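Me: I'd like a close look at one part of this model rather than a tour of everything. Could you start from the sheet and work outwards?

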Amino acid sequence: MSTAARLSPADIDVFDVVDAHLHVWRLADLPWLHGPMVPRIFGAYEAIRRDYPITEYLGDARAAGIGAAVYVQPNWPIERSVEEVRWVQDIHERYGWPQAVIGSAAMFDAGARTVFERQRDISPLMRGTRLQLHWHTDERFRFASAPDRMNDRVFRENLAVLEDFGWLFELQVFPGQMADAAALVERFPNTTFVLVHAGMLESTDPAHVEPWRAGLALLAEHPNVVVKLSGQGTFVHRVDEPLIRLVTATTLELFGSSRCMFGSNFPIESIWTGFPTLMDTWLRVLADLDLDARRDVLGATARRVYSLGPAGSSGG
């Protein structure tokens, strides 16, 4: 599609857009981007082995009509998770972005509460934490050391602490782990769980779709689970409109629009696309929804989940 023909949020009567999944970074802070290229979930990644500053993101985001964004930790060394929050807070103080922070901590370590306390004291933007629990039979797609790490006693003790802070947990699992994940979220009904990348659907092949949909149905039974519509190029390494339509239709059917929200997953998605193309595709898919659903997915749900305040406020 030509640039002239691209949609804007206003074209579909949406005037508040929140990006619920943003990374910014300095290359020096991410050891996983250094050294020889290794097989990873998102394929070859030479294009992102560089700094990705907030100024670059803002050039794209503002042009796309995005008014607020949520920073999600991109795997700094875990021992530097407090320093990471300080760095992001400094960026916010200089630029006013991002408007919320999802940090990290060693949640299999009994000292996680102390880390949470230090992060909270550094930044009022803190809204929760992410620990990637996803495990797959294909080692390229694997992050956790085992599929059932979420059942670890110390991890669950640290997860219980999040309620004391009023924080959420960003839950990243594959469909084969969703039965365990459903039991986990049931155990912590007062904590919000954000299902990252809409549950990691690998393709539109029925062999992938059927277990994914079944797992989503289990999670949808629990009102403390919301879904992040992000990262849909992760496995296919392109902007795949049929895949995005399938994911959008399924998640809205099972969860409702008030529990679904858009996230760009930039700069990871920049490996295979530009920001305008990504946004245009999502807007064309969401244009088919009713107005309330469009406004939920593009802004209202994220504002509620991440406590951002109304559009135009100091919170975003």
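How many bridges join strand 2 to strand 3, and do these strands run parallel or antiparallel?

Reply: Keep in mind that this is a predicted model. Strand 2 and strand 3 (residues 100–103) are joined by three bridges, and they run parallel. If you want a pair of residues to click on, take Val 70, whose bridge partner in strand 3 is Ala 100. To get from strand 2 to strand 3, the chain goes through helix 2 (residues 81–95), and this β-α-β crossover is right-handed.

Now look at the other side of strand 2. Strand 1 (residues 17–22) pairs with strand 2 over four bridges, in the parallel sense. Here Val 18 has Ala 68 of strand 2 as its bridge partner. Strand 1, helix 1 (residues 54–63) and strand 2 form a β-α-β unit, and that unit is right-handed. As for cover, six of the seven residues of strand 2 (residues 66–72) are buried.

Helix 1 is also where you'll find Asp 60. With a relative accessible area of 27%, Asp 60 is partly exposed, because that value falls between the 20% and 50% cut-offs. Asp 60 also has a partner a long way off along the chain: Gly 274 is 214 residues away in sequence, yet the two C-alpha atoms are 9.0 Å apart in space.

Zoom out to the whole sheet. It is open and has eight strands, in the order 1-2-3-4-5-6-7-8, with parallel pairing. Strand 1 and strand 8 (260–262) are the edge strands, each pairing on one side only. On average, neighbouring strands are turned by 25° against each other, with direction ignored. Further along, strand 6 (residues 193–195) pairs with strand 7 (residues 225–229) over three bridges, again in the parallel sense; Phe 193 has Val 225 of strand 7 as its bridge partner. Helix 9 (residues 291–305) packs on the sheet and touches strands 1, 2, 5, 6, 7 and 8, with its direction at about 110° to that of strand 8.

Back to the helix that links strand 2 to strand 3. Helix 2 packs with helix 3 (residues 112–122) at an angle of about 15°, and their axes are 9 Å apart. Helix 2 and helix 3 are therefore roughly parallel to each other, since the cut-off for that label is under 35 degrees. Their crossing is right-handed. The contact uses Ser 81, Val 82, Val 85, Arg 86 and Gln 89 from helix 2, and Val 115, Arg 118, Gln 119 and Ile 122 from helix 3.

Helix 3 has a second packing partner in helix 4 (153–165). The axes of helix 3 and helix 4 come within 10 Å and cross at roughly 30°, so helix 3 is roughly parallel to helix 4 as well. This crossing is right-handed too. On the helix 3 side the contact is made by Ala 112, Arg 113, Phe 116, Glu 117 and Arg 120; on the helix 4 side by Asn 158, Val 161, Leu 162, Asp 164 and Phe 165.

The loops deserve a look as well. Between strand 2 and helix 2 sits Asn 75, a residue other than glycine with a positive phi, near 75°. Asn 75 is partly exposed, at a relative accessible area of 22%. Ala 198, in the loop between strand 6 and helix 6 (206–220), also has a positive phi, about 55°, although it is not a glycine. Ala 198 counts as buried, at 1% relative accessibility.

After helix 2, in the loop that leads to strand 3, comes Pro 98. Trp 97 and Pro 98 are joined by a cis peptide bond, with omega about -10°. Another cis peptide bond joins Phe 266 and Pro 267, with omega about 10°; Pro 267 lies in the loop between strand 8 and helix 8 (275–286).

One last loop residue is His 134, between strand 4 (126–132) and helix 4. At 4% relative accessible area, His 134 is buried. Beyond its neighbours within four places in sequence, His 134 has contacts that include Ile 41, Phe 141, Gln 172, Phe 174 and Met 200.

Definitions and conventions: Residues numbered from 1 in each chain as written. Predicted model: local features only at pLDDT ≥ 70, side-chain atom pairs only at ≥ 80, totals over all residues. Heavy atoms only, no water. Buried < 20%, exposed > 50% of the residue type's maximum accessible area, 1.4 Å probe, protein only. Helix = DSSP H or I, 4+ residues; strand = E, 2+ residues; numbered from the N terminus. Pairing = 2+ DSSP bridges. Right-handed = clockwise from strand over helix to strand, strands pointing away. Axes fitted to C-alpha atoms, helices over the stretch in contact; angles between N-to-C directions. Contact = heavy atoms within 4.5 Å. Parallel < 35°, antiparallel > 145°, perpendicular 65-115°, else oblique. Left-handed = near helix turned anticlockwise from the far one by under 90°.
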